[in-house]
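Me: I would like to go through the surroundings of the ligand and ask, for each label, what justifies it. Please set the values against the criteria as we proceed.

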Amino acid sequence: MNKRSPHHAYLVRVQGIIDLSPNLRRLVLHSDELADYPHQFNGAHIKIFLARHGQTTPQLPQFSGHGFNWTKPDKKPIVRTYTIRDYDAKACTISIDFVKHGNSAPASAFAEQAQLGDMLGISSPGGPNPMLKMAARYLFAGDITALPAIESLLATIQTDACGDVVLLLPQIEDLPATLSLPAGMRLHTFYGDLSLVPALVKLVSTFAPLTCDDFAWIAGEATLVKPLRELLRTQWQLPPLRHYAVPYWRQGENEESYHAARHNFIEK
Ligand SMILES: Cc1cc2nc3c(=O)[nH]c(=O)nc-3n(C[C@H](O)[C@H](O)[C@H](O)COP(=O)(O)OP(=O)(O)OC[C@H]3O[C@@H](n4cnc5c(N)ncnc54)[C@H](O)[C@@H]3O)c2cc1C
């Protein structure tokens, strides 16, 4: 049983570094404290807390009803949002798959430069629980930042699930060899950059419209999520309770500058 408050931050250490593909690196994070992590499901999101320049250990927040409180506000860590790819209670580890998109972005740089033993903070999980609703038919669509969640969700989906999975990945090598779909689900892949978003949206618009018995799960760069949500809501008349559509990032904006706009979009 979890003895902690549902909102807690954990100091964890990099215990494993696995290059999954040219653009995706898994960090396996360990702390004995993770034995009683309030796990909901793989695919949930968490905040990560990264040490500032000159620190080796990030400051961890206290939680209030209104978010984080910092004992030393001038030494706040860099905060980013990532997905629990895997939680292992016995090993006391959480795995996160980081997109490697350059050394000038703090979270990407942390992953690219990670050494065994490096410290970071992670929060308890957030997001809808359960993330997937039972459905007659599913649509999953996303870019490589959504791949960890999509893989986690597909690993637990019912074996007779049917529907479509649409992925935009930088390269064919980024498609996990282990990705396994129920027999009733079809995989559609696009390899390249965001210039392929219109083609992806066009493909999805040819699918039979989802209905109230169905469920759509969409995440990734904002220009991918926006037109797909528009298609679901306007053309297919899918009610908000029957889809998850979250822009995980926006090209040209960092997490700090995009955070408020993301929440405005989600709340609309
Ligand atoms: C609920 C949720 C779950 C998420 N799960 C994951 C996950 O499991 N794995 C994962 O890799 N990401 C995930 N993301 C996305 C991640 O939070 C963002 O990509 C974040 O901006 C990365 O932080 P950064 O410090 O690397 O870059 P930032 O400092 O935020 O951005 C710096 C620059 O890099 C650009 N940039 C940001 N992300 C990318 C990218 N992926 N590719 C190319 N350019 C980029 C920005 O537009 C900006 O110009 C998730 C986001 C959300 C909201």
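Reply: A polar contact is a pair of N or O atoms within 3.5 Å, and the model to which this is applied here is a predicted one.

Me: What makes the approach of Glu 255 to the ligand a polar contact?

Reply: A backbone N or O atom of Glu 255 is 2.8 Å from an oxygen atom of the ligand, and since the cut-off is 3.5 Å, the pair therefore counts as a polar contact. The protein, for its part, covers 88% of the 910 Å² of accessible area that the ligand has on its own.

Me: How do you know that Thr 81 and Thr 83 qualify as well?

Reply: A polar backbone atom of Thr 81 lies 2.7 Å from an oxygen atom of the ligand, whereas Thr 83 brings a polar side-chain atom to 2.8 Å from a ligand nitrogen. Both distances fall within 3.5 Å, so each pair meets the criterion.

Me: Why is Arg 250 counted among the residues around the ligand?

Reply: Arg 250 is one of the closest of the 24 residues that surround the ligand, and it is counted because a heavy atom within 4 Å is what the term requires.

Me: What is the make-up of this shell by class, and which element gives the largest share?

Reply: The shell has nine nonpolar, nine polar and six charged residues, and E6 provides the largest share, with four residues. Domain 1 (9-123) and domain 2 (138-267) each contribute at least three residues.

Terms used
Residues numbered from 1 in each chain as written. Predicted model: local features only at pLDDT ≥ 70, side-chain atom pairs only at ≥ 80, totals over all residues. Heavy atoms only, no water. Polar contact = N/O pair within 3.5 Å; in protein donor to acceptor, adjacent residues only side chain to side chain. Areas by Shrake-Rupley, 256 points an atom, 1.4 Å probe, with all protein chains shown as cover. Helix = DSSP H or I, 4+ residues; strand = E, 2+ residues; numbered from the N terminus. Nonpolar A, V, L, I, M, F, W, Y, C, P; charged D, E, K, R; others polar. Domains from an automatic or database assignment.
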